[in-house]
Amino acid sequence: MEKYFGINEVSAMTGLTTRTLRNYIKSGVLIGEKVEGIWRFTETDFEKFISNPNVKPSIRAKNNALVYDFLLDGKKKVNQICTIIDLYEKDGNPRDLSQWFCDYINHNKKEDIHFAFEKNGANIRIILKGQEQFVIRMLNAYNRDKP
């Protein structure tokens, strides 16, 4: 059975707003289907979208801003972690990897976590930013359950 992403999941993985994603849908850059008023995107749709040379600079800029803003904020009220994970997945499935992080975040109902996913050939970059304990638990779970 094929997995689907909602517009909020695509937004979370790319750092792009849902308004920006809707503009991409309108222009035909992001392909999906609307079922009962809700946008759904297959893993193939998502992969084509993030691989599009017109979209990559926007995603990269959002990802870079996430890290840069973290570094600039010297007045955090809680302990936070911002980490970058670079993976070489020659034979792995990047879809499974992005789905694993989305499922973990959604299952634990964390809204204050920032997750970014970028694929460039066999190289995958994941950026996680959030409260210290949650990010540590997620990384430990990822190391234990690697897709």
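These are my notebook entries on a sheet, the helices across it, a cavity and one loop residue in a predicted model.

**Entry 1, the sheet.** I began with the strand order and found an open sheet of three strands, arranged β4-β6-β5, with antiparallel pairing. I then looked up which strands stand at the edges: they are β4, residues 80–88, and β5, residues 114–120, and each has a single partner strand, so one side of each is left without a neighbour in the sheet. For the twist I noted an average of 10 degrees from one strand to the next.

**Entry 2, the pairing of β4 and β6.** I next took up the pair formed by β4 and β6, the latter covering residues 123–131, and I counted nine bridges between these two strands, which run in the antiparallel sense. As a point of register, I recorded that Gln-80 has Gln-131 of β6 standing opposite.

**Entry 3, the helices across the sheet.** Which strands does helix α4 lie across? I found that α4, residues 56–72, lies across β4, β5 and β6, and that its direction makes an angle of about 135 degrees with β5. I also looked up helix α6, residues 132–145, which lies across β4 and β6 and runs at about 145 degrees to β6.

**Entry 4, the cavities.** My search for cavities of 30 Å³ or more gave two, and I followed up the second largest, whose volume is about 40 Å³. I listed its lining as Ile-50, Lys-56, Ile-59, Phe-117, Glu-118 and Lys-119. When I sorted this lining by element, α4 and β5 were the ones giving two or more residues, and β5 gives the most, with three residues. Helix α4, which I had recorded as lying across β4, β5 and β6, therefore appears again here, as an element that gives two or more residues to the lining of the second largest cavity. What is the make-up of the lining of the second largest cavity by class? I noted three nonpolar and three charged residues, with no polar residues.

**Entry 5, Lys-90.** I closed with Lys-90, which I located in the loop between β4 and α5, the latter being residues 94–107. Is Lys-90 buried or exposed? Its relative accessibility is 60%, and because exposed means over 50%, Lys-90 counts as exposed. I also checked the C-alpha separation of Lys-90 and Gly-121, and found 8.4 Å for two residues that are 31 residues apart along the chain.

Methods
Residues numbered from 1 in each chain as written. Predicted model: local features only at pLDDT ≥ 70, side-chain atom pairs only at ≥ 80, totals over all residues. Heavy atoms only, no water. Pairing = 2+ DSSP bridges. Helix = DSSP H or I, 4+ residues; strand = E, 2+ residues; numbered from the N terminus. Axes fitted to C-alpha atoms, helices over the stretch in contact; angles between N-to-C directions. Contact = heavy atoms within 4.5 Å. 1 Å grid on protein atoms, 1.4 Å probe; cavity = no way out; pocket = protein on both sides within 12 Å on 5 of 7 lines; lining within 4 Å. Points joined across faces, edges and corners; volume = space filled by probe spheres on them. Nonpolar A, V, L, I, M, F, W, Y, C, P; charged D, E, K, R; others polar. Buried < 20%, exposed > 50% of the residue type's maximum accessible area, 1.4 Å probe, protein only.
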